[in-house]
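Thanks, everyone. I'll go through one structure this morning, and I'll keep it brisk. Have the viewer open and follow along.

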Amino acid sequence: MKLVLATAAVGVALYIVYRRRRVSAEEGEPQWLRDPDTPPSSPQSGSSLPSRRSYSPLVFRSNSNQPVVADEMVIDTPVARKHLHTVKHTLSKNTDALQLWVADMELESPPHVVDAIVQRASEPTFGYTIQPSLIWTRVASWLVAHQNWAHAPSPDAFIFSANVVVSFCNALRALTREGDAVVVMVPSYQPLQQCVSGSGRRLVLHPLTRAADGTFEMNLPALAATLRHEGATALLLLSPHNPGGRVWRTDELMALADACAENDVLVVSDEIWADWVLPGPSGLAGKDGFVPFSRVANRCRHITLNAPTKTFNLAGLHASFLVIEQPALRRAYLAYVEPATMHFGSAFATTALLAAYDDQPSRAWLRAATAHVRANATWLTAELNARLPGLVSALPLQATYLIWLDFAGLVAALELTRDGGDDLEEFVLREAGLCLSPGSEFDPTGASDACMRLNAACPRGMIEEAAQRLCDAVEARRSARQASSRTST
Ligand SMILES: Cc1ncc(COP(=O)(O)O)c(C=O)c1O
């Protein structure tokens with residue numbers, strides 16, 4: 001008996017030391033985030049990885065809202081990620097800020113995908129691995145079931161790629177010529193713009209316009225004119241669009257396909273966000289919901305880029321794919337990537353793809369995750385309208401977990417400069433303690449300088465804290481301005 005008690009006591013002591021060390025690995029995390037004594041609740045987790053329990057020393061407390069429950073899952077479990085060498089936490093411009101920039105989640109990946117990875121890691125060999133055609137059969141079914149594809153592409157049409165940005169660079173190099181004009185609608189995800197100039201192609205920016213409620217619109221006559229005047233050979237379509245989360249309607253896509261076919265322009269349709277069309281106020285994303293470009297392409301040359309990485313928070317596993325159904329385009333693409341074996345992935349990419357496109361568990365997790373983010377977005381929009389009316393507003397979110405915030409009112413009210421020491425980004429970063437993605441990153445034309453993108457794929461408490469910080473910073477600035485105007489009069 002004594003021996004049992006002594007063993008138990010040693011076990012408890014070791015666990016406490018371990019927990020303390022894990023928490024101290026989070027040194028630099030603000031105190032209010034830290035709650036090492038509260039075990040994280042993880043009702044959706046079925047993972048067999050015991051140490052995952054201790055990966056969540058951070059707890060965001062939600063003051064006003066119960067967690068969203070969908071499919072009996074709660075997607076609100078806080079995660080600590082700093083020690084995992086994340087881009088978001090390591091390369092932040094202010095590591096003490098709330099990190100709401102890079103488009104990955106401050107939420108756990110689906111437990112069945114985590115379990116598959118853990119199981120694969122427990123097999124102690126990591127030799128060359130292929131992507132078996134079972135993956136592509138699963139992906140094809142997923143595209144039909146979840147992304148509205150009219151047909152299941154044949155497994156031959158799929159090509160593995162480490163990630164979507166790589167696929168776009170490769171596609172430009174394989175399917176266009178040096179100096180060719182490539183049209184990109186802005187604001188848009190910046191690394192893809194860089195691919196164009198970095199590949200020796202000419203980047204032609206086409207500005208999206210804004211509807212009365214702020215949502216982005218394609219100006220199709222102007223776009224068709226640009227394709228013609230510039231002699232463009234390729235166009236990048238982000239569908240749904242990042243930033244702004246716009247889901248393009250069938251009629252818009254058909255008009256785009258016609259204009260591209262007429263001008264013999266290759267459409268590269270990046271559909272990495274297709275699974276994240278949000279549930280919510282009916283009709284928000286149009287009656288058709290998400291429409292893949294393959295449905296409307298008709299005579300138009302096109303390829304599709306896609307991945308499970310945004311959908312299920314797997315970006316660090318580097319697993320994505322292209323769908324190229326037109327044989328001439330596929331041959332040309334493969335001729336470019338095959339010599340460097342860029343169409344092969346890692347052992348973990350294979351496992352991740354197989355698990356992510358396992359329909360039943362992934363469907364359930366995705367429903368719960370989108371419901372959670374929809375609730376975050378709705379809450380934040382209402383909070384900003386109530387507390388910072390006319391100063392900061394959120395674009396209605398049709399898709400993605402990235403909320404486009406318009407700070408034009410605030411910039412004017414606080415007389416923030418467009419660039420330099422007292423600009424919007426500095427204010428948000430240093431005074432509010434929020435690391436968001438600045439609009440200028442998405443739009444070299446300057447039209448988005450008063451906007452910033454906020455990643456809402458996080459626990460509700462983090463969104464609430466972000467709103468509070470922003471309101472406090474605005475209040476502090478206003479008080480300081482009032483005090484200084486009193487002293488100067
Ligand atoms: C539209 C779009 N395409 C591509 C990517 C990056 O994908 P990957 O990590 O597969 O290169 C992102 C990342 O946020 C994105 O928003």
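Before the helices, a word on angles: axes are lines fitted to C-alpha atoms, for helices over the stretch in contact, and angles run from 0 to 180 degrees between N-to-C directions. Keep in mind that this is a predicted model.

Let's take helix 5 and helix 11. Helix 11 covers residues 327–337. The two axes are 9 Å apart, and the packing angle is about 110°. Angles of 65 to 115 degrees count as roughly perpendicular. So helix 5 is roughly perpendicular to helix 11. Who touches whom? From helix 5 we have Asn170, Ala171, Arg173, Ala174 and Leu175. They meet Leu329, Ala332, Tyr333, Tyr336 and Val337 of helix 11. By class, that contact splits into eight nonpolar residues, one polar and one charged.

Stay on helix 5, residues 164–175. It has another partner, helix 6, which covers residues 190–198. Here the axes come within 9 Å and cross at roughly 25°. That angle makes helix 5 roughly parallel to helix 6, because angles under 35 degrees count that way. The crossing is right-handed. Helix 5 contributes Val165, Phe168, Cys169 and Leu172 to the contact. Helix 6 contributes Pro191, Leu192, Cys195 and Val196. What is the class split in this contact? Eight residues are nonpolar, with no polar and no charged ones.

Next, the long pair by residue number. Helix 13 runs over residues 359–387, and helix 16 over 460–488. Their axes are 10 Å apart, at an angle of about 15°. Helix 13 and helix 16 are therefore roughly parallel to each other. This crossing, too, is right-handed. On the helix 13 side, look at Asn376, Trp379, Leu380, Glu383, Leu384 and Arg387. Facing them in helix 16 are Arg460, Ile463, Ala467 and Cys471. The contact holds six nonpolar residues, one polar and three charged.

On to the sheets. One open sheet has seven strands, in the order 4-12-11-10-9-5-6. Its pairing is mixed. Which strands sit at the edges? Strand 4, residues 158–161, and strand 6, residues 202–207, each pair on one side only. From one strand to the next, the twist averages 25°. Zoom in on strand 5, residues 181–186, beside strand 6. These two pair in the parallel sense, over six bridges. Alanine 181 stands opposite arginine 202 there.

There is also an open sheet of four strands, ordered 13-14-17-16. In this sheet the pairing is antiparallel. Its edge strands are strand 13, at 393–394, and strand 16, at 437–438. Strand 16 pairs with strand 17, residues 451–455, in the antiparallel sense over two bridges. For a landmark, pick proline 438: its bridge partner in strand 17 is methionine 452.

Now the ligand. There are 13 residues around it. Which come nearest? Ala103, Asn163, Val164, Val165 and Asn242 do. Val165 deserves a second look, as this residue is also part of the contact of helix 5 with helix 6. The ligand's shell has eight nonpolar, four polar and one charged residues.

Last, the backbone. Most residues other than glycine have a negative phi, and most peptide bonds are trans. Here are some exceptions to check in the viewer. The bond from valine 186 to proline 187 is cis, with omega near 5°. Proline 187 lies in the loop between strand 5 and helix 6. A cis peptide bond also joins serine 239 to proline 240, with omega about -5°. Where does proline 240 sit? Its place is the loop between strand 9, residues 234–238, and helix 8, residues 250–262. Then there is asparagine 298. This residue is not a glycine, yet its phi is positive, about 55°. Look for asparagine 298 in the loop between helix 9, residues 293–296, and strand 11, residues 302–306.

To close, back to helix 5. It is roughly parallel to helix 6, and roughly perpendicular to helix 11. Those are the contacts I would bring up on screen while we talk. Over to you.

Conventions. Residues are numbered from 1 along each chain as its sequence is written. This is a predicted model: local features need pLDDT of at least 70, side-chain atom pairs count only at pLDDT 80 or more; totals for chains, interfaces and linings use all residues. Two strands pair if DSSP finds at least two bridges between them. Angles under 35 degrees count as roughly parallel, over 145 as roughly antiparallel, 65 to 115 as roughly perpendicular and the rest as oblique. A crossing is left-handed if the near helix is turned anticlockwise from the far one by less than a right angle, and right-handed if clockwise. Two residues are in contact if their C-beta atoms, placed from the backbone, lie within 7 Å. Ala, Val, Leu, Ile, Met, Phe, Trp, Tyr, Cys and Pro count as nonpolar, Asp, Glu, Lys and Arg as charged, and the others, Gly among them, as polar. A residue is near a molecule or strand if its C-beta atom, placed from the backbone, lies within 6 Å of it.
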